[in-house]
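Let's take a walk through a protein structure together. Keep the sequence and the 3D view side by side as you read.

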Amino acid sequence: MLKLISWFLKHKLIIMTLIGVTIGISSGMSLKRSGKWSQRDITYIKFPGEIFIRVVNCLIVPLITSSIISATYNLIRSGPIGLMAIYYYLTTTTIGITLGVVLVETIRPGESIKNEKVETPPLTKNLMIDTFLDLFRNLLPENLIEACMYQYQTVLEQPDNTSVPIEEWPITNEYVAGTNVIGLVFQSLILGLAIGKIGAKGKPLSDLFNSLSDIMMKIMKWITLMAPVGVTFLIAGRMLEIDDFSDIIHHFGLYLVTVFTGLILQGFIILPFIHWIITHKSPYKIIYKLGPAFATAIGTSSSSATIPYTMKSLEDLGINPKITKFIIPIGAATNMDGIALYEAISAIFIIQLRGLQFPLLKIIIVSITCTLSCVGAAGIPSGGYSMLIVVLNSIGVPIEDVAMIIAVDWIIDRFRTIINVIEDALGASIIFHFSKKHLEQELEDEMYPLETNIGDTPMKVHFYNEN
């Protein structure tokens, strides 16, 4: 009995979320059979879930900015090892995003055959340039406070004479509602870089952002406890809006196939291949040793919780502790390829489910937004859907369907955490491979201090590791 209670307490969030999903589906279907429900009635039913989404939205900006500033500062202060980590993370995240987009655009799990699609006018060359320029305008916002609420968008004003070609329409602009994630992330990266470059003078500010990041992660953990209640009402309301349940089940089956295919390819084929190409050593020996970290990932779905187990496994394989003690904690905060791939697939899936037709350039912008939103994503359980809300808000897509993603997120979350663990471990091995000479020189400097003269007095200069 005690073991059962202990198991329940350990997995209470999963169990409560599953109970919430079950209640939401069953109550929604029961209410649907009882009669016709107006949009106002459905809005009242979804209200508690709407509150949950609003609370998550409220925390997104301080969570992302503080995490990114903190992670960037730590990477910059780490010297060549941090630089290699940045290259590795950017490369693998780009590969993961690209893989996700290719899969979701090939399988098209959200495309509805029965529903009419919302057609968008084809982009001319000039309109494509305008969209591309808007990306850079949002990258460098005029006002950071405004960037928390609005995005810049070029607008073409249709003249009275409808025969005028679209390329000759007057150009103006407007600020549309939605967090400018790209601008906030870019400015956070610049600020973290600047803090790292001014040395000791920037330490108080870096401590502030480190503390703020920890506080936001703690609050986000509290908020995830509201997920079962929010999911119950959101799904019940969504059930009342659905006309064809078989169509939705079909779509979500394909969605799960798409996500798991992407995660398996990324974690067990692409990343090991990159490791083998660079180090000429078997990556599967490392993956085989990560059993305790995988078990923790499955049990907690938290990248942060796997840190001690991943470090222990890598040190047992002979990887220098100086590498593991830096790369693994930083990786848990910044290297979220599993979330990035999942976000790209989920965002485009919801776009397809809504019947929206996004041109290739806008899909690329969605992918960039997914990449940037995952830099510094908190390694907390079920943190992926909060980032997904950010992405959907940034492109103006309704976020109600996120409730249906949350319904299956609990199982996806565990598997993508495993992919994050694999990526961090293989990244530490690759960086150790490149850093051997640097570490040997550091050890030699500690053993044989240099002699130098200051004035007429000979002095020994010792190089000690700060740790």
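The paragraphs below visit a few places in this structure, one after another. Please keep in mind that you are looking at a predicted model.

Let's begin at the start of the chain. Here M1, L2, L4, I5, W7, F8, L9, M16, I19 and I23 make a nonpolar patch on the surface, with an area of about 1100 Å². Which helices supply at least two residues each to this patch? They are α1, which covers residues 2-10, and α2, which covers residues 12-34. The largest share belongs to α1, with six residues. One member of the patch to look at is F8, which you will find in helix α1. Is F8 buried, exposed or partly exposed? Its relative accessibility is 35%, and because partly exposed covers the range between under 20% (buried) and over 50% (exposed), F8 is called partly exposed.

Next, move along to helix α10, which runs over residues 245-279 and holds T258. What a contrast in setting: T258 has a relative accessible area of 0%, so it counts as buried. Which residues does T258 touch, once its neighbours within four places in sequence are set aside? They are L103, V104, I107, P109 and I345.

Stay with α10 and turn to its aromatic rings. The model has six aromatic pairs in total. One of them joins F260 and F415 in an edge-to-face arrangement, with 5.5 Å from centre to centre and 65 degrees between the planes. F260 belongs to helix α10 while F415 belongs to helix α18 (residues 402-447), so this pair ties together parts of the chain that are 155 residues apart in sequence. As for its surroundings, F260 is partly exposed, because its relative accessibility is 22%.

F415 also pairs with F268: their ring centres are 6.5 Å apart and their planes meet at 35 degrees, so this pair is tilted. Once again helices α10 and α18 are involved, with F268 in the former and F415 in the latter, so the pair links parts that are 147 residues apart in sequence. F268 has a relative accessibility of 27%, so it too counts as partly exposed. Put these rings together and you have one aromatic cluster, formed by F260, F268 and F415.

For a last stop, look at R416. Where does its charged end sit? You can find it over the ring of Y342, 4.0 Å from the ring's centre.

How values were computed: Residues numbered from 1 in each chain as written. Predicted model: local features only at pLDDT ≥ 70, side-chain atom pairs only at ≥ 80, totals over all residues. Heavy atoms only, no water. Helix = DSSP H or I, 4+ residues; strand = E, 2+ residues; numbered from the N terminus. Buried < 20%, exposed > 50% of the residue type's maximum accessible area, 1.4 Å probe, protein only. Contact = heavy atoms within 4.5 Å. Patch = residues over 30% accessible without salt bridge, like charges linked within 9 Å, V, L, I, M, F, W, Y side chains within 5 Å. Areas by Shrake-Rupley, 256 points an atom, 1.4 Å probe, with all protein chains shown as cover. Salt bridge = Lys/Arg side-chain N within 4 Å of Asp/Glu carboxyl O. Phe/Tyr/Trp six-rings, centres within 6.5 Å; stacked < 30°, edge-to-face > 60°. Lys NZ or Arg CZ within 6 Å of the ring centre and 35° of its normal.
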